[in-house]
Amino acid sequence: PYKIAVLISGSGSNLQAIIDRIEQNVLDARITRVISNKPGVSGLERAERHGLSTTVIEHKDYPSREDFDAALVRVIQDSGADGVILAGFMRIITPVLINAFPGNILNIHPSIQPAFPGVHAQKQAAEYAVKLSGCSIHFVDEKMDHGPIIIQAAVPALAGDDEKSLGSRILALEHRIFPQAVQWLAQNRLEINGRTVNVLNAPSPAVV
Ligand code: GAR
């Protein structure tokens with residue numbers, strides 16, 4: 001199967017959703033390594049509980065974003081991964097990483113893009129008093145939270161919502177659309193044409 005490295009910075013609930021779909025045999029991917037830029041986060045515990053190998057690479061140990069990314073690339077390539085899944089990875093990545101896995105890096109962002117790029121998108125949405133929010137999975141390009149969109153899902157923002165209540169409604173959908181996008185990537189079904197991503201039909205199984 002298609003092999004992925006999953007990069008995290010925190011709780012790893014999206015990592016968990018991907019692990020669960022793999023263990024349920026509905027997602028045809030294999031996780032070769034879970035990498036966190038922060039030690040001690042609960043996403044690392046989740047990975048270890050499922051027997052996955054983990055690596056902590058702290059960005060603060062590197063003089064530049066490019067040096068940090070070069071360290072990521074070494075570990076990801078050593079793990080044998082074909083693609084890179086940014087699952088709550090809260091660092092801006094550079095061409096050093098992007099160009100090492102062209103067309104094979106996915107990110108999740110907790111907004112209907114192009115709304116609210118950057119950190120605390122859920123808080124930005126709640127403070128803006130939107131009526132609708134959601135999440136997006138996109139290919140990563142050189143601009144932050146910008147690349148071609150693969151799938152989005154929307155949730156209502158309700159009266160009295162704050163960052164936490166809106167965020168948890170969004171998160172429930174993140175856990176549904178992220179494994180779906182990873183499955184399409186793993187099946188080589190995503191065709192990028194400029195900003196447009198087409199999802200191709202599943203290949204027919206062999207007859208003989
Ligand atoms: C998720 O809400 C994800 O969309 C967001 O971080 C959270 C990670 O949660 N990512 C970003 O904001 C990226 N700009 P998790 O660690 O439980 O998966």
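**Helix H1 and the ligand**

In helix H1, the residues Ser13, Asn14, Leu15, Gln16, Ala17, Ile18, Ile19 and Ile22 are buried, where buried means under 20% relative accessible area, with a 1.4 Å probe and protein chains only. What we are looking at is a predicted model, in which local features need pLDDT of at least 70 and side-chain atom pairs count only at pLDDT 80 or more, while totals for chains, interfaces and linings use all residues. Residues are numbered from 1 along each chain as its sequence is written, and side-chain values use heavy atoms, with hydrogens and water left out.

H1 covers residues 13-23, and 8 of its 11 residues are buried; helices here are DSSP runs of H or I with at least four residues, and strands are runs of E with at least two, numbered from the N terminus. The buried residues pack, with heavy atoms within 4.5 Å, against several elements, among them strand E1 (2-8), helix H2 (42-49) and helix H6 (163-186). Just after H1, Asn25 takes a positive phi of about 60 degrees.

Let me turn to the ligand. Which residues are the closest to the ligand? They are Ser11, Gly12, Ser13, Asn14 and Glu174, out of 13 that surround the ligand, each having a heavy atom within 4 Å.

Ser13, which we met as a buried residue of H1, has a side-chain N or O atom 2.6 Å from an oxygen atom of the ligand, and for Glu174 the corresponding distance to a ligand oxygen is 2.8 Å. The elements giving two or more residues to the shell around the ligand are H1, E5 and H6.

How values were computed:
Buried < 20%, exposed > 50% of the residue type's maximum accessible area, 1.4 Å probe, protein only. Polar contact = N/O pair within 3.5 Å; in protein donor to acceptor, adjacent residues only side chain to side chain.
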